[in-house]
Amino acid sequence: MKNVKLGISSCLLGEKVRYDGGHKLDLYIKETLGKYVDWVPVCPEVEYGLPVPREAMHLAGTAEGPRLVTIRTGVDHTDGMRSWAKQRLNELEKEALCGFIFRSRSPSSGMRGVKVYHPSGIPTHTGVGIFARAFMERFPLMPVEDDGRLQNPILRENFIERVFVFSRWQEFQVEGGKIKDLVAFHTDHKLLILSHSTSHYRMLGSLVANAKKYQPAKLHFEYLGNLMEGLKLLSTPKKNTNVLMHILGYFKKVISPEEKQEMLEVIENYHRGLVPLIVPITLLNHYVRKYHEQYLAKQHYLNPHPVELMLRNHV
Ligand code: SF4
């Protein structure tokens with residue numbers, strides 16, 4: 001797999017850009033995930049022109065339209081930050097990012113749950129950081145996540161899976177985005193989509209079957225929108241078991257009774273939470289190679305991201 005390009009809040013890579021001169025290095029993100037990623041670091045506050053160290057800021061006002069203000073002296077940086085963000089997002093558009101990892105809880109970079117303060121000094125609700133909001137409005141379909149949520153192995157797998165899908169989508173578009181290539185793209189992602197949502201699986205299948213009825217731009221917009229929406233729904237042991245049994249069906253004419261029994265036991269153990277998903281997936285990949293199952297060999301469900309990231313190794 002080739003590297004994917006991700007935007008990231010600079011402090012998560014260990015850059016000393018925080019208001020107090022420190023960083024928020026995340027070793028998993030930088031060292032482990034970093035082997036497969038070309039980073040595009042962004043520190044909104046420093047790139048906008050604030051020094052290090054600097055007075056701390058927070059969000060104040062309403063959840064929908066909070067202001068970015070310094071806590072002690074009350075200087076309002078909202079308009080300046082928004083206008084800087086507009087320029088920076090134009091540059092980021094040319095980078096062809098496949099996703100962005102935001103620093104959680106930051107009034108500039110936080111993508112959800114950032115405290116918004118009342119004039120009394122008490123946080124009364126939560127909102128979105130000024131730069132993160134502008135980013136998500138500009139790139140609504142791009143996978144985004146924050147470092148706090150990435151600690152959760154289920155959310156981490158889900159995000160990284162979406163990033164690699166988004167990267168393949170970009171390749172499809174660069175190669176011309178023809179209908180025949182959309183059919184191939186969809187075919188190779190079928191089981192992956194099914195592991196998240198049967199309704200999106202049906203909806204996307206119908207969209208592709210009727211592709212000729214749409215203008216290409218509209219078709220791509222509808223397909224990607226539904227695809228990313230469906231993939232955001234978390235896969236579960238029940239959904240995965242359904243897909244694993246579906247895959248096993250492809251081998252019914254070639255597999256021996258002993259192999260079938262072994263596979264059923266492994267799937268059952270996965271379903272009961274006794275072994276991680278990587279166990280049945282590894283065995284199925286073995287059968288795919290052994291029996292030269294061409295359709296399955298191309299299914300991204302069986303190989304969605306680098307196995308070294310060990311994203312399917314949790315129970
Ligand atoms: S959270 Fe964002 S604004 Fe704050 S130091 Fe990190 S990158 Fe810069």
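Begin by selecting R88, which is buried, with a relative accessible area of 11% (buried means under 20% relative accessible area, exposed over 50%, and partly exposed in between, using a 1.4 Å probe and protein chains only). What you have open is a predicted model, in which local features need pLDDT of at least 70 and side-chain atom pairs count only at pLDDT 80 or more, while totals for chains, interfaces and linings use all residues. Residues are numbered from 1 along each chain as its sequence is written, and side-chain values use heavy atoms, with hydrogens and water left out.

Next, add E91 to the selection: R88 forms a salt bridge with E91, the closest N and O atoms being 3.1 Å apart (a salt bridge is a side-chain nitrogen of Lys or Arg within 4 Å of a carboxyl oxygen of Asp or Glu). Both residues belong to helix α3 (residues 78-94), where, being three residues apart, they are separated by about one helical turn; helices (H or I, at least four residues) and strands (E, at least two) are DSSP runs, numbered from the N terminus. E91 is partly exposed, with a relative accessible area of 43%.

Now select E93 and R138, whose closest N and O atoms are 3.0 Å apart in a salt bridge. This pair links distant parts of the chain, since E93 sits in helix α3 and R138 in helix α4, 45 residues apart. E93 counts as partly exposed at 47% relative accessibility, and R138 is also partly exposed, at 30%. Add E47 to the view as well, for salt bridges that share partners join E47, R88 and E91 into one network.

Turn then to the sheet, in which four strands lie in the order β2-β1-β5-β8, forming an open sheet with parallel pairing (two strands pair if DSSP finds at least two bridges between them). At the edges you will find β2 (37-42) and β8 (144-146), each of which pairs on one side only. Select strand β1 (residues 4-9), which is joined to β2 by six bridges, and look at S9, which stands opposite V42 in β2. Helix α4 (residues 130-138) packs on this sheet, touching β2, β5 (99-102) and β8.

For the last stop, select G22, which lies in the loop between β1 and α1 (27-32). Leaving aside its neighbours within four places in sequence, G22 is in contact with E15, K16 and V17 (contact means heavy atoms within 4.5 Å). Finally, select G34 too: the C-alpha atoms of G22 and G34, 12 residues apart along the chain, are separated by 21 Å.

Technical notes
Axes fitted to C-alpha atoms, helices over the stretch in contact; angles between N-to-C directions.
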